[in-house]
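Dear colleague,

I am passing on the structure we spoke about, together with some notes on what turned up in it. Please read the notes with the model open beside them.

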Amino acid sequence: MSRLPRSFGIFVFALVVVAGLVIWTILPRTSNEGYIPEQPIPFSHKLHAGQYKMDCRYCHGSAYKSAHAGVPSLSTCMGCHTVVKTDSPWIQQIQKAYAEGKPIEWLRVHELPDHAHFNHKRHLAKGVTCQTCHGNVQEMDKVYQAQPLTMGWCLNCHRGFEAPKNVLKSTYPEQENPEGPVAPFSCNTCHY
Ligand code: HEC
Ligand code: HEC
Ligand code: HEC
Ligand code: HEC
Ligand code: HEC
């Protein structure tokens, strides 16, 4: 058997490069999945929401009442940290900022582009859990973006393709194996 011509090798190499470029081009570029910023104070959800079982509402109650979940003000922290772990330099930093009336500059983890609108209250009212979109935050020392949050990802649920069972069940209570859209998916639902 004769050896393959050298040009064949070059051809295969070129094919691999082109295929790689095509895959790279079609992958969603806007997704920040996995993004994990270094926060100014190492606040741990694993400790507060996991080990001490604090309810998400204690600090993010606005999520149930408005479009935004918000991040708690220092007065929420001071409810405990006027007395808890006051020998920690981090807690002393929080106390100092509180006394001076300065907020902690938490870095945003999840953020959609300005042209896309989101609403927390509407999702929570239909039984979509925080963990569906944010992952198991109660197990995270540092919060990271666990889901793609791309348009395709949003639509997969709205159109019912990957909607949670409880959301499908409440949308189609009369069906035995409920299926179908669970939320509107026309462009102006999210872009306006
Ligand atoms: C003791 C208060 C407290 C509790 C309880 C708490 N959080 Fe937080 N959460 C914070 C603070 C402070 C931040 C900002 C710092 C950070 O991102 O770690 C934050 C940030 C977040 C973020 C990232 C926000 C962004 O910038 O995109 C998510 C998501 C989140 N929390 C979800 C949850 C969920 C889900 C629960 C319940 C399982 C929960 N939190 C319980 C205080 C709390
Ligand atoms: C319900 C009470 C409670 C609230 C509210 C609370 N914490 Fe804590 N926090 C604790 C407890 C308990 C510990 C663990 C103390 C220990 O290790 O002995 C802790 C530990 C910490 C630590 C680790 C300190 C160290 O050096 O080990 C940080 C940082 C912290 N909290 C920040 C915050 C921030 C920021 C907020 C507000 C967003 C907050 N906490 C709200 C109870 C609370
Ligand atoms: C259907 C998906 C979804 C659910 C359910 C959801 N979130 Fe979010 N969350 C998002 C998206 C998307 C953003 C970014 C919003 C933006 O940039 O406008 C976000 C942003 C946040 C932020 C940053 C601050 C803010 O208000 O934008 C926090 C904190 C947060 N979520 C906490 C929670 C908590 C706590 C729950 C449950 C009570 C929850 N989220 C449920 C998708 C979700
Ligand atoms: C796990 C399922 C799920 C995911 C993921 C999801 N949604 Fe939704 N969405 C729903 C449900 C259920 C409703 C409530 C529909 C209703 O109230 O009838 C809703 C409602 C909405 C509404 C309000 C619609 C109206 O009638 O005004 C907006 C806006 C929205 N979603 C945007 C988004 C965006 C943007 C994302 C992605 C970042 C997203 N959603 C991800 C399930 C989801
Ligand atoms: C359920 C919410 C939702 C609906 C419905 C929706 N979008 Fe989007 N769209 C998003 C989100 C979130 C983003 C930002 C994330 C991304 O680029 O994937 C986005 C991004 C976009 C972008 C920018 C893409 C880029 O690369 O930056 C365009 C253009 C767009 N949408 C057009 C549309 C059109 C046209 C429709 C109707 C056929 C539509 N969208 C319906 C949520 C939605």
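**Salt bridges**

The side chains of E100 and K102 meet in a salt bridge with an N to O distance of 3.0 Å, where a salt bridge is taken as a side-chain nitrogen of Lys or Arg within 4 Å of a carboxyl oxygen of Asp or Glu. This is a predicted model, in which local features need pLDDT of at least 70 and side-chain atom pairs count only at pLDDT 80 or more, while totals for chains, interfaces and linings use all residues. Residues are numbered from 1 along each chain as its sequence is written, chains are lettered from A and ligands numbered from 1 in the order in which they are written, and side-chain values use heavy atoms, with hydrogens and water left out.

The side chain of E100 also meets that of K96 in a salt bridge, at 3.5 Å from N to O, and K96, E100 and K102 are thus linked in a network of salt bridges. Within this network, K96 is exposed at a relative accessible area of 52%, whereas E100, at 41%, counts as partly exposed; here buried means under 20% relative accessible area, exposed over 50%, and partly exposed in between, with a 1.4 Å probe and protein chains only. The structure holds four salt bridges, and another of them joins the side chains of R108 and E111 at 3.8 Å, N to O, with R108 and E111 both exposed.

**Iron sites**

For the iron atoms, donors are N, O and S atoms within 2.8 Å of the metal (3.2 Å for Na, K and Ca), and water is not among the atoms, so sites may look incomplete. Six donors count as octahedral if opposite donors are over 155 degrees apart and all others between 65 and 115.

The iron atom of ligand 2 has H48 (NE2) and H81 (NE2) as its protein donors, at 1.9 to 2.0 Å. H48 lies in helix 2 and H81 in helix 4 (residues 74–81), so the pair ties together parts that are 33 residues apart in sequence; helices are DSSP runs of H or I with at least four residues, numbered from the N terminus. Both H48 and H81 are buried, and the six donor atoms around this iron atom of ligand 2 subtend angles of 87 to 179°, which makes the arrangement octahedral.

The iron atom of ligand 3 is coordinated by H120 (NE2) and H134 (NE2), at 2.0 to 2.1 Å. Since H120 belongs to helix 6 (residues 120–125) and H134 to helix 7, this pair ties together parts that are 14 residues apart in sequence. The arrangement around the iron atom of ligand 3 is again octahedral, because its six donor atoms subtend angles of 86 to 179°, and H134 is partly exposed, with a relative accessible area of 23%.

At the iron atom of ligand 5, the protein donors are M151 (SD) and H191 (NE2), lying 2.0 to 2.1 Å from the metal. M151 is in helix 8 and H191 in the segment after helix 10 (187–190), so this pair ties together parts that are 40 residues apart in sequence. The six donor atoms around the iron atom of ligand 5 subtend angles of 86 to 179°, which makes this arrangement octahedral; M151 is exposed at 55% relative accessible area, while H191 is partly exposed at 32%.

**Surroundings of ligand 1**

Of the 20 residues around ligand 1, those that come nearest are H45, C56, C59, H60 and H110, a residue being near if one of its heavy atoms lies within 4 Å. Helix 2, helix 3 and helix 7 each supply at least two residues of this shell, and the largest share, three residues, comes from helix 3.

The contacts with ligand 1 include a nitrogen atom of the ligand 2.8 Å from an N or O atom in the side chain of H45, and a backbone N or O atom of V109 that lies 2.7 Å from an oxygen atom of the ligand.

**Positive phi values**

K53, in the loop between helix 2 (45–51) and helix 3 (56–60), has a phi near 55°, a positive value in a residue other than glycine, and K53 counts as exposed at 68% relative accessibility. L149, in the loop between helix 7 (130–134) and helix 8 (151–158), likewise has a positive phi near 55°, but L149 is buried, with a relative accessible area of 18%.

With best wishes

Definitions and conventions. A polar contact is a pair of N or O atoms within 3.5 Å; within protein, one must be able to donate a hydrogen and the other to accept it, and residues adjacent in sequence count only if both atoms are side-chain atoms. Four donors count as tetrahedral if all angles lie between 85 and 135 degrees; four count as square planar and six as octahedral if opposite donors are over 155 degrees apart and all others between 65 and 115; anything else is irregular.
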